[in-house]
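Colleague: Could you take me through one part of this model in detail? I'd like a close look at a single helix, and then how the rest of the chain sits around it.

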Amino acid sequence: MQKGLSLVLVVLFVAACGGSPDATAPLATTTTAPLATTTTAPLATTTTTTTTEPPTTATPTTEVPSTTLLVLEDPPPTPIDIEADEQLRVVLAGDSITDQVAPYLQWILSQAATIEHRHLWGTALCDWFADSRGDLGLEYLESWEPHLYIVDHGGNGMTPCMADAAGLPLIGEAYTAKYLADTEYVLELASLTGSRVLLVDQPVSRGNLRSGTGEIYRSMPVQHPGGMVRFFSTWPALTPGGQFVQSAPCEVYEPGCVDGRGELREPPPNVHLEALGAWRYAVAIVDELVAAGWVDAELVDVTDRVMP
């Protein structure tokens, strides 16, 4: 039964975005630079590319402590103590949505942070561990002593690290258990260096399909109180009330804004972001970093800055 259901899920992925759920995508071709050469390159020179990836449709169906119906209190700010001439060291992990958001996020944070990129279309969180990724694994960043991990995985499950013993994609309870364990592992890595962690829930997809990681991420601050781990939902910025939104009114300074309106998402049947959506996604994350006390608001004020 699981084999048949898994095949159905793969077919649904293909039909939803018109792409191929190729689990053998060229992961080794990531353009992430070695730590010794990490830079905050301008938007125009970023090496992150946007490609088409099957949308995440897997939704947890298991024993994750649900906090959806609870009003969660914001954890207390936990300011990061850095030297006057020191920049924040940020690790950005994610998938194709992150690929689209990263250039804007990097530009906004360019005066405040240096970013190590660990994101690529189609990848799951476990694709960025050493046993899958070698020296690009998150474990190898311990010596860099990151101040902050931003984890923006929506729940892809097509790569080998998300397969069962028969090589079939994990589904149901096994899928949720895997992402739950992998998220806890990232928090364990972060604790080794006293790093903060922001777990980002991606906006709903077309058809109001939720990410596969939202409930898992939402449960983490409850299990790890104190403000070092925060959950952040992009829903208010892009899909208010969990309802898919194609376009929205916008300001003239926002990317993709034409005559007061812009597209947030790609045309049907795709579910990825357009420029306006990627920009608002990045701005929302930065606002959360400021609220957490992790970034100085003055350093991310782009009022008088011109985007490349």
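Modeller: Here is a walk through the last helix, followed by its salt-bridge partner and then other parts of the chain.

Keep in mind that this is a predicted model. The mean pLDDT of the chain is 83, and 77% of the residues reach 70 or more. Residues 1-63 are another matter: pLDDT there is below 50, although the model gives this stretch 118 contacts beyond near neighbours in sequence. I'd treat residues 65-71 in the same spirit, with pLDDT under 50 and eleven contacts beyond four places in sequence.

Now the helix. H7 covers residues 275-291, 17 residues in total, and runs 24 Å from its first C-alpha to its last, close to the 24 Å expected at 1.5 Å a residue. H7 is mostly covered, with twelve of its 17 residues buried. The buried set has plenty of aliphatic and aromatic names in it, including Leu276, Trp279, Tyr281, Ile285, Val286 and Leu289. Arg280 and Glu288 are on that buried list too.

What comes just before and just after H7? On the way in there is a loop between strand S7 (261-263) and H7, and Pro269 is found in it. The peptide bond from Pro268 to Pro269 is cis, with omega near 5 degrees. On the way out, just after H7, Gly293 takes a positive phi of about 80 degrees.

Glu288 is the residue I'd zoom in on. Its side chain meets that of Arg230 in a salt bridge, 3.1 Å from N to O. This pair links distant parts of the chain, since Arg230 sits in strand S5 (residues 229-233) and Glu288 in helix H7, 58 residues apart. Both ends are covered: Arg230 counts as buried because its relative accessibility is 2%, and Glu288 counts as buried at 14%. As a general point, side chains of opposite charge can pair when their charged atoms come close.

For contrast, look at a pair inside one helix. Glu215 and Arg218 form a salt bridge at 3.6 Å, N to O. They are three residues apart in helix H5, so about one helical turn separates them. In an α-helix there are 3.6 residues a turn, so residues three or four places apart point the same way. Glu215 is buried at a relative accessible area of 17%, and Arg218 counts as buried at 17% as well. Between them in the sequence is Ile216, also in H5 (residues 214-223), and at 0% relative accessibility Ile216 is buried. Ile216 lies 9.8 Å from Glu184, C-alpha to C-alpha, with their positions 32 residues apart in sequence.

A search of the whole structure finds six salt bridges. Another of them joins Arg89 to Glu86, with the closest N and O atoms 2.9 Å apart. Here the cover is split: Arg89 is buried at 18%, while Glu86 is partly exposed at 24%, and the cut-off for buried is under 20%.

Not far along the sequence from S5 you get to Thr239, in the loop between helix H6 (235-238) and strand S6 (247-249). Thr239 is a buried loop residue, with a relative accessible area of 0%. A polar atom of its side chain lies 3.4 Å from the backbone nitrogen of Val204. Leaving out residues up to four places away, Thr239 touches Pro203, Val204, Thr234, Phe244, Val245 and Arg265.

Two other loop residues deserve a glance for their backbone. Asn208, in the loop between strand S4 (196-201) and H5, has a phi near 60 degrees, a positive value in a residue other than glycine. Glu145, in the loop between helix H3 (130-133) and strand S3 (148-152), has a positive phi near 55 degrees. Asn208 is partly exposed at 31%, and Glu145 is partly exposed at 47%.

Stepping back, the chain has seven helices and seven strands, in the order α-β-α-β-α-β-α-β-α-β-α-β-β-α. Of its 308 residues, 52% count as buried. Among contacts between residues at least 6 apart in sequence, 77% join residues at least 24 apart, and the link from Arg230 to Glu288 spans 58 residues.

Note on methods
Residues are numbered from 1 along each chain as its sequence is written. Side-chain values use heavy atoms; hydrogens and water are left out. Helices (H or I, at least four residues) and strands (E, at least two) are DSSP runs, numbered from the N terminus. Buried means under 20% relative accessible area, exposed over 50%, partly exposed in between (1.4 Å probe, protein chains only). A polar contact is a pair of N or O atoms within 3.5 Å; within protein, one must be able to donate a hydrogen and the other to accept it, and residues adjacent in sequence count only if both atoms are side-chain atoms. Contact means heavy atoms within 4.5 Å. The expected span of a helix is 1.5 Å times one less than its number of residues. pLDDT is the predictor's confidence in each residue, from 0 to 100. A salt bridge is a side-chain nitrogen of Lys or Arg within 4 Å of a carboxyl oxygen of Asp or Glu.
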